[in-house]
Every structure is written in C-alpha cells, then in structure tokens.
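Dear colleague,

Please find the structure below, handed over for your own inspection. My notes on its aromatic residues follow directly after it.

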Amino acid sequence: MLARAARVGDLAGLDGAVADCFACPRLVAWREEVAVVRRAAFRDQEYWGHPVPGFGVADARIAILGLAPAAHGGNRTGRIFTGDRSGDVLFAALHRAGLANQPTSVAADDGLALRHTRIAAAVRCAPPDNRPTPAERDTCAPWLHREIELIRPTLRVVVALGAFAWAAWWPVLHQVYGVRPPTPRPAFGHGAHWSGDDAVPQVLGCYHVSQQNTFTGRLTPTMLDEVFARTRRLAGLGDFR
C-alpha cells in the first residue's frame with residue numbers, strides 16, 4: 001500500500017488508485033454488501049460501493065479530515081460527505097463561509113465545487129457501525145499521507161472532524177513533514193488548536209458533523225460557523241463577507 005500510494009503523481013491519479021483499493025477484507029465485504037442490499041429509500045439507485053476518494057481543489061489552503069464514508073452516503077454516491085445528513089450540515093456551513101459554491105451535496109454530478117478546500121477521510125471505505133479498527137486506519141494511512149503530500153505546498157490549516165480524525169493527523173507530521181509529533185499528543189476538543197512552526201499546518205478540532213452531534217445540539221450551526229471563520233483567518237483568507 002505504501003509503495004502504491006507513493007508512486008501516484010497527482011490527485012487525479014491518487015483518486016483513481018484509492019477507488020481501486022481492496023486492502024481491508026472486512027471493509028471490502030461491508031461496502032459491497034451495502035451496495036447490493038441498499039437502503040429502501042435508495043433501492044433504485046446504483047451504489048458506488050468502492051473506497052471514496054478525497055474531494056476539492058489541488059491548491060487547497062484548508063484540509064478537512066473526517067472519519068470514514070457513510071454506508072448510504074459516500075458509499076452510495078461516490079463522493080465524500082455527499083448524500084447524507086452529515087454532508088447537509090457540513091456543506092451548508094462551508095457555503096456560509098464562502099468555501100463552497102452551493103449549500104447542498106446530493107450527488108457526485110450536482111455541480112458542487114469547493115474553494116480553497118479539500119476534504120478527505122482517514123479511512124476511505126464505509127465501516128460497519130461507522131467504526132473502523134486501528135489496523136484498518138493504519139492500512140489506509142498511506143493514502144492520506146500521499147494526499148497531504150500533494151497539497152502540501154499550499155496547505156495551511158487542517159480541520160479534524162472528531163477525535164478519530166484528530167488522532168489520524170499526528171502521524172502525517174512525521175511521514176509527510178518529517179516533524180516529530182508533539183508528546184503528549186494535544187487533547188481533542190471542539191475548538192482545540194495546535195500550532196507548530198510555519199513549515200507545518202495549524203490544526204483545529206471540531207466536533208464531527210454526525211447526526212448524533214447535530215440532532216442533540218452538541219454541534220450547532222453557530223459553532224460550525226465559528227470554526228470555519230477561524231479556519232479562514234488562519235489560512236490567510238480573511239473574513240468572508
């Protein structure tokens with residue numbers, strides 16, 4: 001996996017290689033089963049049923065890192081955070097922040113475009129119960145490392161959605177930037193902020209845009225707006241008006 005990811009020369013090649021990955025048997029079996037069984041509301045749709053590549057611009061100043069695709073979201077549509085309620089919340093917030101051209105994301109061909117931003121997941125396949133194992137995270141890590149390496153020249157800020165993504169970021173410092181991760185690791189929390197030197201991106205923590213968080217009010221639209229306003233400033237983009 002490491003060698004395969006390292007050979008990829010650009011984001012288009014990376015996206016194609018990610019979509020053709022069969023490295024984790026449990027995840028392969030689950031994503032393909034979901035694509036066949038389908039949810040009743042989507043029974044007439046053809047599911048993607050493959051790993052889900054990142055999405056966004058090649059000269060991103062902002063990277064948003066999530067957990068994994070949703071079984072009936074990205075695993076159905078083929079685009080990260082597309083076709084589920086988590087995506088509804090995320091892309092609406094990005095639109096309010098001037099980082100997306102529209103507030104909705106329902107299908108891979110719906111015209112959505114990001115500005116200054118790329119979104120990826122720490123694990124590229126939909127996992128059972130939305131819980132990938134540490135071994136699956138580590139197997140998938142070379143894809144993330146190569147993706148960050150390709151956008152490294154412009155990347156300034158990483159927004160980690162949830163504790164899993166926050167933990168997945170620190171090995172990137174060593175693998176991509178040659179920087180020893182901080183010890184002890186900074187604790188995750190909503191609004192948590194880590195800054196190294198100017199050679200590495202700053203990192204912001206944000207509660208995940210899961211239904212569990214948004215339906216219970218643990219994460220509100222105002223909280224998301226504050227995170228992305230801060231993200232814009234740290235990325236050197238200024239306030240959006």
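In this predicted model, Trp166, Trp170, Phe188, Trp194 and Tyr207 are joined into a cluster by ring pairs. The structure as a whole contains four aromatic pairs. One of them brings together tryptophan 166 and phenylalanine 188 in an edge-to-face arrangement, with 5.8 Å from centre to centre and 65° between the planes. This pair connects distant parts of the chain: tryptophan 166 belongs to helix H7 (residues 163-177), whereas phenylalanine 188 lies in the loop between H7 and strand S5 (193-194), 22 residues apart. With a relative accessible area of 4%, tryptophan 166 is buried; phenylalanine 188, at 26%, is partly exposed.

A further pair is formed by tryptophan 170 and tryptophan 194. Their ring centres are 5.4 Å apart and their planes stand at 85°; planes over 60 degrees apart count as edge-to-face, and therefore this pair is edge-to-face. Here too, distant parts of the chain are linked, as tryptophan 170 is in helix H7 and tryptophan 194 in strand S5, 24 residues apart. Both tryptophan 170 and tryptophan 194 are buried.

Two arginines also deserve mention in connection with aromatic rings. Arginine 218 is placed over the face of tyrosine 207, 3.9 Å from the ring centre, and Tyr207 is one of the residues in the cluster described above. In addition, arginine 76 has its charged end over the ring of phenylalanine 42, at 3.6 Å from the centre of that ring.

With kind regards

Notes
Residues numbered from 1 in each chain as written. Predicted model: local features only at pLDDT ≥ 70, side-chain atom pairs only at ≥ 80, totals over all residues. Heavy atoms only, no water. Phe/Tyr/Trp six-rings, centres within 6.5 Å; stacked < 30°, edge-to-face > 60°. Helix = DSSP H or I, 4+ residues; strand = E, 2+ residues; numbered from the N terminus. Buried < 20%, exposed > 50% of the residue type's maximum accessible area, 1.4 Å probe, protein only. Lys NZ or Arg CZ within 6 Å of the ring centre and 35° of its normal.
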